[in-house]
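Q: Please take a close look at the strands and the charged pairs of this chain, and describe how the named residues are placed.

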Amino acid sequence: MIEHDALSRGFKRVRRTLGCMLAAAFIASPSAALAGEDDEWTLDPDARVEVGFVSAESTTRDEQLVVDGDAFTLRAQVGIDLEDKDTRFRLEADRIEVFRLGEGRSDSARDRFTATFEQELDDDWEIQLRGRIYDDYVTAESSDTDEKQVSGRVTYEPTRENRFRLRGTWREREYANAGNPETTGEGPRVDAQYRHRFDRYHYLTFDLRAESISSDDPQRGYDRQSAKVSYTQPITPDLRVRPALEYINTEFDGRLTPGGNMRRDQLVVPEVEMLWWPGQWRVEAEAKYIFSSSNQPTREREGYRFTLTVGYVF
């Protein structure tokens, strides 16, 4: 049952972010377009508003501990593109509010600011440079992280059916420590992707990722590797389904098991996602089941996560 106080908190924050959404709708209206038919460069504002509901539950293998994670989410995003035939500059601001349900669970919010430059080199090659700033970001090692990152991406698409991407990212993080002095961490991430296109919205995609964070705080450093395969199948021009399977391995630098070994977690996550995009509406539903194994017995868990979001793109 949805609790009255949680809804009250949600509506108060909705009112506080309503001004941002109305401004987004205004600047993204067709009348705001600056470029005419004869101009080489175009200026294209856009916005997105989204509400969602998350239902999650995880249990230890012996079912002695059950953790519920239901929440409402509200997201507002505004952006602007300046582009010509081969070049694109983009600025974007994005905020997510999370209204958690249940006793003793506090609400949260995350802000993200992004600047992107993309350049087509020829018919086969494209490069992208991107800078991002996160405020109050949930990461693998902390629930309250501020992050600055820079990244570069190379795309090679020799044919319409085959696309290869490689991205390198450097991240610098600051951690809030519940009243104790803040600590920091930094490290690289590398992403590789291959996508095979069968037809429009009909893909088979493979993703690989390796990342690490180094920190003087023994609770923060880690190494992580992940692999994911997904298949996107269109049902109608507006509806498609995307089953996927992901494996994640994480080794923590300073988190020790009762036996004195470094903690190591593995996740196996089968999931299926439905995407229904009629016109400017975006309705997305996702179901995951998470199997977690670890050399620390209390981290041996499994559970589900259901997400439903409804958005509108201006």
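A: The account below follows the strands first, then the salt bridges, and then a nonpolar patch. The model is predicted, so local features need pLDDT of at least 70 and side-chain atom pairs count only at pLDDT 80 or more, while totals for chains, interfaces and linings use all residues. Residues are numbered from 1 along each chain as its sequence is written, and side-chain values use heavy atoms, with hydrogens and water left out.

Helices (H or I, at least four residues) and strands (E, at least two) are DSSP runs, numbered from the N terminus. Two strands are taken to pair if DSSP finds at least two bridges between them. Strand β3 (residues 71-83) and strand β4 (residues 87-100) are antiparallel partners over 13 bridges, and three residues lie between them in a hairpin. Across from L74 stands E97 in β4. Strand β4 is also joined to strand β5 (residues 108-120) by 12 bridges, again in the antiparallel sense. Here R90 has T116 of β5 opposite.

Strand β5 in turn pairs with strand β6 (residues 125-137) through 10 antiparallel bridges. The two form a hairpin, with four residues between β5 and β6. F113 has I133 in β6 as its bridge partner. I133 also stands opposite K148 in β7. Strand β6 and strand β7 (residues 145-159) are antiparallel and share 11 bridges.

The charged pairs come next. Side chains of opposite charge can pair when their charged atoms come close. A salt bridge is counted where a side-chain nitrogen of Lys or Arg lies within 4 Å of a carboxyl oxygen of Asp or Glu. The whole structure holds 25 salt bridges. In one of them, R110 and D94 meet at 3.0 Å, N to O. This pair links distant parts of the chain, with R110 in strand β5 and D94 in strand β4, 16 residues apart. Both R110 and D94 are buried; buried means under 20% relative accessible area, exposed means over 50%, and partly exposed lies in between (1.4 Å probe, protein chains only).

A network of salt bridges links D46, D81, R88, R90, E92, R112, E118, E126 and R153.

Another salt bridge joins the side chains of D217 and R220 at 3.3 Å, N to O. D217 counts as buried because its relative accessibility is 13%, and R220 is buried because its relative accessible area is 12%.

E273 and R242 form a further salt bridge, at 3.2 Å, N to O. That pair also links distant parts of the chain: E273 is in strand β13 (residues 262-276) and R242 in strand β12, 31 residues apart. E273, with a relative accessible area of 13%, is therefore buried, whereas R242, at 26%, is partly exposed.

The last feature is on the surface. F206, V229, L245, Y247, V268, Y289 and F291 make up a nonpolar patch with about 560 Å² of accessible area together. The elements that contribute two or more residues to the patch are β12 (239-256) and β14 (281-294). Patches are made of residues with over 30% relative accessible area and no salt bridge, like charges being joined within 9 Å and nonpolar side chains (Val, Leu, Ile, Met, Phe, Trp, Tyr) within 5 Å. Accessible areas come from the Shrake-Rupley method with a 1.4 Å probe, and for residues only the protein chains shown count as cover. Y289 lies in strand β14, and its relative accessible area of 31% is why Y289 counts as partly exposed.
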